[in-house]
Amino acid sequence: MAIDGDNEKATAMGDGPVDAVFKAIAELTETKSELAHYQVTAITGGMDAQGEVSVTLTEAERRVMGNGSHTDIIVASAKAYVHALNKLEWHRDRHGTGEPRGI
């Protein structure tokens, strides 16, 4: 995973592959966020169907949603998780901690 221009690696174990990927990303990013919602939806059909993943993360009373899509649901999950983490970071940088929060 590229973090601030540096390629970083982590290994994690979880209750399944998606949980393990989320734990590895959380370790690399040092996030304190919590997963509030996880949803998978098929957006195309057939043998090469794409799945779309939506996640909702909470941190310090702020809630953000992230989305990702890919033919590999684990990759789609990682994309959605990173998308949400990037939104959390944007809110921290832009709004600080004392301003209104929401999706």
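Trainee: Let's start with E59: is it buried or exposed?

Mentor: In this predicted model, E59 has a relative accessibility of 16%, so it counts as buried, the cut-off being under 20%. Its strand is β4, residues 51-59.

Trainee: And how does the rest of β4 look, enclosed or open?

Mentor: Seven of the nine residues of β4 are buried, so the strand is largely enclosed by the rest of the structure.

Trainee: Back to the charge on E59, then. Which residue forms a salt bridge with E59?

Mentor: General idea to begin with: side chains of opposite charge can pair when their charged atoms come close. Here E59 pairs with R92, and their closest N and O atoms are 2.2 Å apart. E59 sits in strand β4 while R92 belongs to helix α2 (residues 73-95), so this pair ties together parts that are 33 residues apart in sequence. As for R92, its relative accessibility of 37% makes it partly exposed.

Trainee: What other residue forms a salt bridge with R92?

Mentor: That's E89, with 2.6 Å between the closest N and O atoms. E89 and R92 are three residues apart in helix α2, so about one helical turn separates them. E89 counts as partly exposed, at 36% relative accessibility. Put the pieces together and you have E59, E89 and R92 linked in a network of salt bridges.

Trainee: How many salt bridges does the model have by this rule?

Mentor: The count is three. One of them joins K23 to D19, with the closest N and O atoms 3.4 Å apart.

Trainee: How should I read a pair like that within a helix?

Mentor: Think about the helical repeat: an α-helix has 3.6 residues a turn, so residues three or four places apart point the same way. K23 and D19 are four residues apart in helix α1, about one turn. Both are partly exposed: K23 has 41% relative accessibility, and D19 has 25%.

Trainee: Staying with α1, how do I check its length?

Mentor: Compare the expected span with the distance between the ends. Helix α1 has 13 residues, 17-29, and at 1.5 Å a residue it should span 18 Å. Its end C-alpha atoms are 18 Å apart, so the two agree.

Trainee: Which residues of α1 are buried?

Mentor: V18, A20, F22, A24, I25 and L28. V21 in the same helix is partly exposed instead, with a relative accessible area of 23%. Also look at V21 together with S77: they are 56 residues apart in sequence, yet 8.3 Å apart in space, C-alpha to C-alpha.

Trainee: Now the sheet. What is the strand order?

Mentor: This is an open sheet of three strands, ordered β3-β4-β5, with antiparallel pairing. The edge strands are β3 and β5 (62-70), each of which pairs on one side only. On average, neighbouring strands are turned by 15° against each other, direction ignored.

Trainee: How many bridges join the strands, and which residues are partners?

Mentor: Nine bridges join β4 to β5, and eight join β3 to β4. Between β4 and β5, E59 stands opposite R62, T56 is bridged to M65 and E52 to S69. On the other side of β4, S54 is the bridge partner of Q39.

Trainee: Where do the side chains go along a strand?

Mentor: In a regular strand the side chains alternate between the two faces of the sheet. For a surface feature in this model, look at L35, Y38 and V40, which form a nonpolar patch with about 240 Å² of accessible area together. L35 lies in strand β3, residues 34-42, and is partly exposed, with a relative accessible area of 43%.

Trainee: Last topic, the backbone. Where should I look for positive phi?

Mentor: Try the loops. E30, just after α1, takes a positive phi of about 55°. E30 is in the loop between α1 and β3, and at 63% relative accessibility it counts as exposed.

Trainee: What about the hairpin of β4 and β5: how many residues lie between the strands?

Mentor: Two, and A60 in that turn has a positive phi of about 50°. E61, in the loop between β4 and β5, has a positive phi too, near 65°, and is a residue other than glycine. E61 is exposed, with a relative accessible area of 73%.

Note on methods: Residues are numbered from 1 along each chain as its sequence is written. This is a predicted model: local features need pLDDT of at least 70, side-chain atom pairs count only at pLDDT 80 or more; totals for chains, interfaces and linings use all residues. Side-chain values use heavy atoms; hydrogens and water are left out. The expected span of a helix is 1.5 Å times one less than its number of residues. Buried means under 20% relative accessible area, exposed over 50%, partly exposed in between (1.4 Å probe, protein chains only). Patches are made of residues with over 30% relative accessible area and no salt bridge: like charges are joined within 9 Å, nonpolar side chains (Val, Leu, Ile, Met, Phe, Trp, Tyr) within 5 Å. Accessible areas come from the Shrake-Rupley method with a 1.4 Å probe; for residues, only the protein chains shown count as cover. A salt bridge is a side-chain nitrogen of Lys or Arg within 4 Å of a carboxyl oxygen of Asp or Glu. Two strands pair if DSSP finds at least two bridges between them. Axes are lines fitted to C-alpha atoms, for helices over the stretch in contact, and angles run from 0 to 180 degrees between N-to-C directions.
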